Amino acid sequence: MSKPRGGAVLAGLVVLCGLTLVLGFANKHRCSGPEFDEQGRSTPGYAERNYSDACYSDIQFLWLGRDIDQHAFPYVDGGLEEGQLVGGALEYPVLTGVLVWAGAYFADTDAGFLLGSALLLAPFGLLTAWLLGRMAGWRALLWALGPPLVLYAFHNWELPVVAATVAAFAVLHLGRGTLRRRAQWAAVLLGLGFALKIYPAIFVLPLALYVLTGGDEGRHGRDPRGALRVCGVAIGTALAVNLPFMLAGWDGWLASYLFQADRDVDATTNSIWYWGFRPESDTEGFQSLVGVLSPLLVLASFAVAAWFGWRRYRLTGTYPMLAVSAAMLCGFLLLHKVHSPQYTLWLLPMFVLLRVRWGWILAYFVADLAMGIGIFRWYGELGDGGAIYEGFAAQAVMIGVWGRAALLAGLFVAFLNADTADTARPSHARPSHDRRTHDRRKSVEPQTSTSPPPHRA
């Protein structure tokens, strides 16, 4: 592909992504207005429309209850009181909190907040499309035209953290300079990602192992010091971003992490822990057990993924950083006590960058669609007195929860065995064959040496 054509293709990809983002905004905007009360909340029937029209978004909902409508700068004067966030404290890391504040800066209604936030978030969605196009070519259409982008682009503040994560992968695989230098810049981006939504921190381990083993086919040589630097840079970046907020308002900063740690497993968490253990999941003892068991199992899944990646490295000579990262993400999504619908946006770039069977992708889209629409319709039916397992919406939720769980378990294995998309690396870095093929060819090549055979006693 020539450079001009490549530029045209990337431009077209970004345009298509822009159209999808417009559809995503229109989908959420259906819950706005047409009138507003004295607090700037949409009327009439805001709560009912959220569920019946399946146009709910956390952005619009959080206009009230976190002092966002008062334009309070986050974390500085906030805190956690009796399990509730007050005074500008938010349940998100600090950079997302700044984006929340910026999106509301010129707004005086929840509709204005939704629009301001969408204008801030949309460039990150477009940047993700461009980066994925650079790395994986036409496969980036899964991001640009994927149903999850319509459902969740403006559901929460996910687009910046996805862009930071994809940018880290792009810097590593498409950037210039030594592997150590590229990996350190990737670590910076993952550290920034941690300050947006935490989950990019899990990719620091496979990145460090990739550097430790010398990159593609080990051509850069073992680099323990470089691996340690990757970890140090990621941690240092996260601390540098968080430190001003820690100093300005320790209680408000800490409240976001305490809130998530203490969050109960309930119908709003959409996880297997709630649905798999009812009615015990409503008891205090079960909540305490899951608070310990869930993170332990998540960490165990990380260890399994990293170990499998090491086995694959011993066979091929390349540590499969992207494959291990994707598997770790699946472990987190499956076993964490909270699984919000918009987390699908975290997984979507992995479908682009790794070659898994199309059946996995299509099935996940179906399960996600059932959850993304069914969960809010079901909430509405509960408000009208409906039973927990009655009706089409409840069945859609079951399809979403258990279908998604089964697919994540299968994808954990599928990703670990998947190859990286051919265009995810520059041509000069792509091996023409793996080490197994090389060794196999070498073993059958005739000996052409003219040196005498070794002496036998």
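**Cis prolines**

I looked up Pro-44 first and found it in the loop between β2 (42-43) and α2 (46-52). The model is predicted. The peptide bond from Thr-43 into Pro-44 is cis, and I read omega near -5°. I then went to Pro-34, in the loop between α1 (3-29) and β1 (35-36). The Gly-33 to Pro-34 bond is cis too, with omega near -5°. I noted both because most peptide bonds are trans.

**Positive phi**

Next I went through backbone angles. Most residues other than glycine have a negative phi. His-71 has a phi near 60°, a positive value, and is not a glycine. I placed His-71 in the loop between α3 (58-61) and β3. Is His-71 buried or exposed? I got a relative accessible area of 32%, so His-71 is partly exposed.

Asn-270 also has a positive phi, about 60°, and is not a glycine. I found Asn-270 in the loop between α12 and α13 (272-276). Asn-270 has 3% relative accessibility. The cut-off for buried is under 20%, so Asn-270 counts as buried.

I added Ile-198 to the list: Ile-198 follows α9 and has a positive phi, near 75°.

**Helix α9**

That led me to α9 itself. I counted 19 residues in α9. From first C-alpha to last, α9 reaches 26 Å, close to the 27 Å expected at 1.5 Å a residue. I listed buried residues of α9, among them Arg-182, Gly-191, Gly-193, Ala-195, Leu-196 and Lys-197. What do the buried residues of α9 pack against? I found α4, α8 (159-174), α10 and α11.

I took the α10 pairing further. The axes of α9 and α10 (residues 204-212) come within 10 Å and cross at roughly 175°. An angle over 145 degrees counts as roughly antiparallel, so α9 is roughly antiparallel to α10. On the α9 side, I noted Leu-179, Ala-183, Ala-186, Ala-187 and Leu-190 in the contact. They meet Val-204, Leu-207, Tyr-210 and Val-211 of α10. Those five α9 residues are also on the buried list.

**Arg-180**

I stayed in α9 (residues 179-197) for Arg-180. Arg-180 has a relative accessible area of 25%, so I put it down as partly exposed. Leaving out residues up to four places away in sequence, Arg-180 touches Asp-223, Arg-225, Gly-226 and Arg-229. With which side chain does the side chain of Arg-180 make a polar contact? I found Asp-223, at 2.8 Å. I also checked Arg-180 against Gly-215: they are 35 residues apart in sequence, yet 9.4 Å apart in space, C-alpha to C-alpha.

**Helix α12**

Last, I looked at α12 (residues 250-261). At 1.5 Å a residue, its twelve residues should span 16 Å. Its end C-alpha atoms are 17 Å apart, so the span agrees. Which residues of α12 are buried? I listed Gly-252, Trp-253, Ala-255, Ser-256 and Phe-259. Looking down the axis of α12, I saw the buried residues fall within an arc of 150°, so they line one face of the helix. The face turned away from the buried side carries Asp-251 and Ala-261, both exposed. I then checked what covers the buried residues of α12: the cover includes β3 (79-81), β4 (84-86), α4 (94-104) and α11 (224-248).

Definitions and conventions
Residues numbered from 1 in each chain as written. Predicted model: local features only at pLDDT ≥ 70, side-chain atom pairs only at ≥ 80, totals over all residues. Heavy atoms only, no water. Helix = DSSP H or I, 4+ residues; strand = E, 2+ residues; numbered from the N terminus. Buried < 20%, exposed > 50% of the residue type's maximum accessible area, 1.4 Å probe, protein only. Contact = heavy atoms within 4.5 Å. Polar contact = N/O pair within 3.5 Å; in protein donor to acceptor, adjacent residues only side chain to side chain. Expected span 1.5 Å × (residues − 1). Arc of directions from axis to C-beta. Axes fitted to C-alpha atoms, helices over the stretch in contact; angles between N-to-C directions. Parallel < 35°, antiparallel > 145°, perpendicular 65-115°, else oblique.
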